[in-house]
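Biologist: Got a minute to walk through this one with me? I'd like to start with charged contacts, then look at pockets.

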Amino acid sequence: MVGLVRDLQTAQEVRAPERVEVVLDRSPFYGEAGGQVGDEGLLESPEGRVRILDTRWVGNVLVHRGEVEEGRIRLGDPVTASVDLQRRRRVAKNHTATHLLHSALRKVLGGHVVQAGSLVAPDRLRFDFSHAQALTAGEREAVEGLVAEWVEAGLPVSTAEMSLQEAKAVGAIALFGEKYGTQVRVVSIGQVSKEFCGGTHLSASSEVGLLTLVDEGSVAAGMRRIEALTGREAFRHLRQEVNLLEETAGRLKSSPGGVGEAVEKLLKRAKDLEKEMEALKRKSVQGQKQEFWDLLQKVEPYGRFQQKIQEEIGLPGLRSLADELRRKRPDVGILLMDLVGNCVAASGEEAVKHGIFADELLRASGASGGGRKDLAQGKLKN
């Protein structure tokens, strides 16, 4: 160990269970770069053990961040460094899948697709790319289908160190915004993908096993983001989707294949019931019109009429009723409210001339909203 840092201060010794940052003279750990997360693992010295939770580059220095699990570690101690290979393989699976996804997107959507960022983690991958609109269901299916085809083909994954000019000559794709030296590393997957890349990968595309897209959306103008899963995580996700489909089918008393038809029937039934409810509301309003008209006969000219309707008929129903009543009594102002707080105020032509304004009636009721002198609507908070 050539460097120890504790609480942002250099240290000669760090004991369990303190957090620590370790610098080695050489290391098998991969430091976070190019969207790929850093390695985890263990550092074991003669007197202690450190669990490494993250590995990152700070300038040109590879920093191993973790916590002392046992004993103590001292500056200058020799250590045995062990990478969590199972986790690294899961990361590599997602990294190789990211390259396949990139190629599939370019083939399905067009050569304008360029990678704009990524996250390659052990449990998922995220891929940002240039594209103007959301992928259609057909495009998503085509992308997944291409990746599945390449996975099944068992394409070899190879790496090669070459000059920047040679890499460009063979058609390798560079990551937008990245700076490269005179020598670069190119990762190839059969003949379907060639990219500048310094990350860890599988030895064959078949080891990806399965890729499924779980989300796709916009992150900026002309920029899309895909979230995807591979291998075991993809299987778990698809199994959950199937379980949900089967549960839904059971509730609808249908087979999984018949869920679409059952939902259509349910939506049609809901729409029919909505129409029946609207018809009942209209019938109820008609039934109350005579009662309201009887009440209106007792209102003094240029007076005010206020009535609460004992059900929810909605703003359209209230507006229609108020409009009809103001035409029958043009010399009064009317305020109608239903039980859920919908509120409509209306003033007849003569009432407006005498300063009885619908918008003022609405405000006086405590409702939020607005309108004209002859008709206004809103919602009561209480």
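Biologist: Arginine 19 first. Is arginine 19 buried or exposed?

Modeller: Exposed. Arginine 19 counts as exposed because its relative accessibility is 53%, and the cut-off for exposed is over 50%. Keep in mind that this is a predicted model.

Biologist: Noted. Which residue forms a salt bridge with arginine 19?

Modeller: Glutamate 67. The closest N and O atoms of the pair are 3.8 Å apart.

Biologist: Where do the two sit in the chain?

Modeller: In distant parts of the chain. Arginine 19 is in strand 4, residues 19–23. Glutamate 67 is in strand 7, residues 61–74. They are 48 residues apart.

Biologist: And how exposed is glutamate 67?

Modeller: Partly exposed, at 28% relative accessible area.

Biologist: How many salt bridges does the structure hold?

Modeller: It holds 33.

Biologist: Give me another. What does glutamate 233 pair with?

Modeller: Arginine 236. Their side chains meet in a salt bridge at 3.0 Å, N to O.

Biologist: Why are glutamate 233 and arginine 236 separated by about one helical turn?

Modeller: Because they are three residues apart in helix 4. Glutamate 233 is partly exposed, with a relative accessible area of 22%. Arginine 236 is also partly exposed, at 42%.

Biologist: What about glutamate 246?

Modeller: Glutamate 246 meets arginine 239 in a salt bridge, 3.7 Å from N to O. Glutamate 246 has 43% relative accessibility, so it counts as partly exposed. Arginine 239 is at 36% and counts as partly exposed too.

Biologist: Which residues do shared partners join into one network?

Modeller: Glu13, Arg15, Glu47, Arg72, Arg74 and Asp77. Salt bridges that share partners link them.

Biologist: OK, pockets. What volume does the largest pocket have?

Modeller: About 510 Å³. It is lined by 25 residues. Closest to its centre are Gly34, Tyr180, Phe196, Cys197 and Gly198.

Biologist: Which elements each supply at least two residues of that lining?

Modeller: Helix 1 (85–109), strand 9 (115–120), strand 12 (183–189) and strand 13 (193–196). Helix 1 gives the largest share, four residues.

Biologist: How does that lining divide by class?

Modeller: There are 10 nonpolar, 11 polar and four charged residues.

Biologist: And the second largest pocket, what's its volume?

Modeller: About 210 Å³.

Biologist: Which residues line the second largest pocket?

Modeller: From the early part, Gln86, Arg89, Arg90, Lys93 and Asn94. Then Pro122 and Asp123. Then Thr230, Gly231, Arg232, Glu233 and Arg236. So the lining includes both partners of a salt bridge we covered, glutamate 233 and arginine 236.

Biologist: Which helices supply at least two residues each there?

Modeller: Helix 1 and helix 4, where helix 4 spans 231–251. Helix 1 again has the largest share, five residues.

Biologist: What's the class split of the second lining?

Modeller: One nonpolar, four polar and seven charged.

Biologist: Switching to the surface. Which residues make the nonpolar patch?

Modeller: Leu210, Phe235 and Leu238. The patch covers about 260 Å².

Biologist: Where is phenylalanine 235 found?

Modeller: In helix 4.

Biologist: Why does phenylalanine 235 count as exposed?

Modeller: Because its relative accessibility is 53%.

Biologist: Last topic, the start of the chain. Where does valine 2 lie?

Modeller: In the segment before strand 1, which is 3–6. Valine 2 counts as exposed, at 53% relative accessibility.

Biologist: How far apart are valine 2 and proline 78?

Modeller: Their C-alpha atoms are separated by 9.4 Å. Along the chain they are 76 residues apart.

Biologist: Where does proline 78 lie?

Modeller: In the loop between strand 7 and strand 8, the latter being 80–83. Proline 78 counts as exposed, at 57% relative accessibility.

Biologist: And what separates valine 2 from arginine 124?

Modeller: A C-alpha distance of 34 Å. That pair is 122 residues apart along the chain.

Notes: Residues numbered from 1 in each chain as written. Predicted model: local features only at pLDDT ≥ 70, side-chain atom pairs only at ≥ 80, totals over all residues. Heavy atoms only, no water. 1 Å grid on protein atoms, 1.4 Å probe; cavity = no way out; pocket = protein on both sides within 12 Å on 5 of 7 lines; lining within 4 Å. Points joined across faces, edges and corners; volume = space filled by probe spheres on them. Nonpolar A, V, L, I, M, F, W, Y, C, P; charged D, E, K, R; others polar. Patch = residues over 30% accessible without salt bridge, like charges linked within 9 Å, V, L, I, M, F, W, Y side chains within 5 Å. Areas by Shrake-Rupley, 256 points an atom, 1.4 Å probe, with all protein chains shown as cover. Salt bridge = Lys/Arg side-chain N within 4 Å of Asp/Glu carboxyl O. Buried < 20%, exposed > 50% of the residue type's maximum accessible area, 1.4 Å probe, protein only.
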